[in-house]
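Please read the following report alongside the sequence and the coordinates. It moves from the overall architecture to the sheet, and then to a pocket.

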Amino acid sequence: MADTEQVDKKAERKVARLAQQIGTFARAHGGAAGQVAYIGERGARIVLVGEDGGWGDLVAPTYEIAEQAVAKSGITAHESFDGDLAAKVTTGPYEWKRMAGLQIGG
């Protein structure tokens, strides 16, 4: 039982830390929405899109922790990264250069 309690406390701290990071992002970008995607053994990716078009992501050790962090942060959660959510993303020269570089082997 002690091992379970220790794991739960660790998970609770991770949820709180992620929720705080999400909240900081949301405040810096005039609000935010997000989407949680399973990425295999690595856990889950929380993709964040700010109201100003800024975007970022965080990785959680499990899908459940990611979902709990998004819920605790109070941002709007989307089932998928398409439509209105994707349309809000603003890309700049850095992203375009990186995407082009990947295409031509850079």
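The account below begins with the basis of the model and then takes up its elements in turn.

This is a predicted model, in which local features need pLDDT of at least 70 and side-chain atom pairs count only at pLDDT 80 or more, while totals for chains, interfaces and linings use all residues. Residues are numbered from 1 along each chain as its sequence is written, and side-chain values use heavy atoms, with hydrogens and water left out.

**Overall architecture**

The protein chain contains four helices and four strands, where helices (H or I, at least four residues) and strands (E, at least two) are DSSP runs numbered from the N terminus. Read from the N terminus on, these elements follow the order α-β-β-β-α-β-α-α. Of the 106 residues in the protein chain, 29% are buried, a term that stands for under 20% relative accessible area, with exposed meaning over 50% and partly exposed lying in between (1.4 Å probe, protein chains only). Among the contacts with a separation of 6 or more (contact means heavy atoms within 4.5 Å), 54% come from residues 24 or more positions apart.

**The sheet**

The four strands form an open sheet in the order E3-E2-E1-E4, with mixed pairing. Its edge strands, E3 and E4, each pair on one side only, and neighbouring strands are turned by 25° against each other on average, direction ignored. Two strands are said to pair if DSSP finds at least two bridges between them, and angles run from 0 to 180 degrees between the N-to-C directions of axes, which are lines fitted to C-alpha atoms, for helices over the stretch in contact. In general, strands of a sheet pair through backbone hydrogen bonds, either parallel or antiparallel. The pairings are set out below.

| Strand pair | Sense | Bridges | A bridge or opposite pair |
|---|---|---|---|
| E1 and E2 | antiparallel | seven | Ala37 and Arg45 |
| E2 and E3 | antiparallel | six | Val49 and Trp55 |
| E1 and E4 | parallel | three | Gly34 and Ala77 |

Strand E2 spans residues 44-50 and is mostly covered, with six of its seven residues buried. The hairpin that E2 forms with E1 has five residues between the strands, and Gly40 in the turn has a positive phi of about 85°. In the hairpin of E2 and E3, four residues lie between the strands, and Gly53 takes a positive phi near 95°.

Within E1 lies Gln35, which is buried, its relative accessible area being 10%. Apart from its neighbours within four places in sequence, Gln35 is in contact with Arg45, Ile46, Val47, His78, Glu79, Ser80, Phe81 and Leu85.

**The helix across the sheet and the largest pocket**

Helix H2 (residues 63-73) lies across E1, E2, E3 and E4, and runs at about 170° to E1. The largest pocket has a volume of about 160 Å³. On a 1 Å grid over the protein atoms alone, a pocket is an open set of points with protein on both sides within 12 Å along at least five of seven lines, as distinct from a cavity, where a 1.4 Å probe fits but cannot get out; lining residues have an atom within 4 Å of a point. Grid points are joined across faces, edges and corners, and the volume is the space filled by probe spheres set on the points.

The lining of the largest pocket consists of Val36, Tyr63, Glu67, Val70, Ala71, Ala77, His78 and Glu79. H2 and E4 are the elements that give two or more residues to this lining, and H2 supplies the largest share, four residues.
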